Amino acid sequence: MKASEAERSSGAGAYERLLRAIEEGELAPGSRLREAELAERFQISRTPVREALGRLEAQGLVAHEPHRGASVAQLDYGQVSELYDLREVLEGTAARLAAIHASTVETEILEEMVARDRTLLVDAPALARTNRQFHRQIHGAARNRFLQGTLETMRLSLVLLPGATTLAAPDRAAESLAEHAAIVAAIRAHDADGAEAAARAHIRAAFKARIRIWQEA
């Protein structure tokens, strides 16, 4: 896709495009990141690419090694485990707060998202995108800007998870959707304890699926 003149001179625009490429798996963990190649790929100049790489490095998404240059950062097993531990706490808290604060309209939107995702069970990449939207909707309904900011920071680290989306694993898409439905049902009932428990169980199940993918790689 050809960039506009504004995008050509914008480090922010280059950052968004690079982040999206990492998030969508086009630039996998460990991939080399050469300024000239990226500029050619995105049809932008090298200066905004350099700015974007610096920003991504500051966020821990890009690693820079002597004699090798920049590459998409990689997480080891310990880091992935730590990430899921934190994610369980944060997503559980978000679901708890959403059960307290979510409006009827927000709850209906979550229910509609679950219904839509039932049509995507055989499309893991699409389901991965809508999964992120589902969780962001809960984060917004939680009504806590500090929690939401922390979750957004954590989301940046999630793009570095090794392997394909866990939703591509056998039966995981259907299991995940059932877990989403349980979270939404608790939010609908304003059951804060139930919503937190359901969200925590969902993240633990996702971690188990991630470990299986890692073992089979």
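In this predicted model, the second largest cavity is lined by Glu91, Ala95, His135, Ile138, Ile183, Ala199 and His202. Three helices give two or more residues each to that lining, namely H5 (77–101), H7 and H10 (192–216). Sorted by class, the lining of the second largest cavity holds 4 nonpolar, 2 polar and 1 charged residues. The space inside the second largest cavity comes to about 30 Å³.

A reader may wonder how many cavities of 30 Å³ or more the structure holds. There are 2 cavities of that kind, and the largest cavity has a volume of about 40 Å³. Around the largest cavity stand Asp117, Leu127, Asn131, Leu167, Ala173, Ser176, Leu177 and His180. Helix H7 (124–141) and helix H9 (172–188) are the elements that each supply at least two residues of this lining. The largest share is that of H9, which provides 4 residues of the lining of the largest cavity. In terms of class, the lining of the largest cavity is made up of 4 nonpolar, 3 polar and 1 charged residues.

The helices can also be followed through the way they pack. Two packed helices are described by the angle between their axes and the distance between the axes. H5 and H10, both contributors to the lining of the second largest cavity, pack at an angle of about 155 degrees, with axes 7 Å apart. Because angles over 145 degrees count as roughly antiparallel, H5 is roughly antiparallel to H10. The crossing of H5 past H10 is right-handed. Where H5 touches H10, the contact residues comprise 15 nonpolar, 2 polar and 9 charged.

H5 also packs against H9, here at an angle of about 35 degrees and with the axes 8 Å apart. In this contact, Ala95, Ala98 and Ala99 of H5 meet Ile183, Ala186 and Ile187 of H9. The residues of the contact of H5 with H9 divide into 6 nonpolar, with no polar and no charged residues. Two of the names are already familiar, as Ala95 and Ile183 also line the second largest cavity.

Another pair of packed helices is found earlier in the chain. Helix H2 (residues 11–23) and helix H4 (residues 46–58) pack at an angle of about 60 degrees, and their axes lie 8 Å apart. This angle makes H2 oblique to H4. H2 passes H4 in a crossing that is right-handed. On the H2 side the contact is formed by Gly11, Ala12, Ala14, Tyr15, Leu18, Leu19 and Ile22, and these residues meet Pro48, Val49, Glu51, Ala52, Leu53, Arg55 and Leu56 of H4. By class, the residues of the contact of H2 with H4 are 11 nonpolar, 1 polar and 2 charged.

Open space in the model is described by its pockets. The largest pocket encloses about 860 Å³ of space. What lies nearest its centre? Of the 37 residues that line the largest pocket, those nearest the centre are Glu23, Ala128, Arg132, Leu158 and Thr165. The helices that each supply at least two residues of the lining are H2, H5, H7, H8 (145–158), H9 and H10. H7 gives the most to the lining of the largest pocket, with 8 residues. The lining of the largest pocket divides into 16 nonpolar, 10 polar and 11 charged residues.

Glu23, one of the residues nearest the centre of the largest pocket, offers a good place to take a closer look. Glu23 belongs to helix H2. Its neighbours within four places in sequence being left aside, Glu23 is in contact with Arg132, Arg136, Arg155 and Val159. Among these partners, Arg132 is also listed with the residues nearest the centre of the largest pocket. Glu23 and Leu158 are 135 residues apart along the chain, and their C-alpha atoms are separated by 8.4 Å.

Note on methods:
Residues numbered from 1 in each chain as written. Predicted model: local features only at pLDDT ≥ 70, side-chain atom pairs only at ≥ 80, totals over all residues. Heavy atoms only, no water. Axes fitted to C-alpha atoms, helices over the stretch in contact; angles between N-to-C directions. Parallel < 35°, antiparallel > 145°, perpendicular 65-115°, else oblique. Left-handed = near helix turned anticlockwise from the far one by under 90°. Contact = heavy atoms within 4.5 Å. Nonpolar A, V, L, I, M, F, W, Y, C, P; charged D, E, K, R; others polar. 1 Å grid on protein atoms, 1.4 Å probe; cavity = no way out; pocket = protein on both sides within 12 Å on 5 of 7 lines; lining within 4 Å. Points joined across faces, edges and corners; volume = space filled by probe spheres on them.
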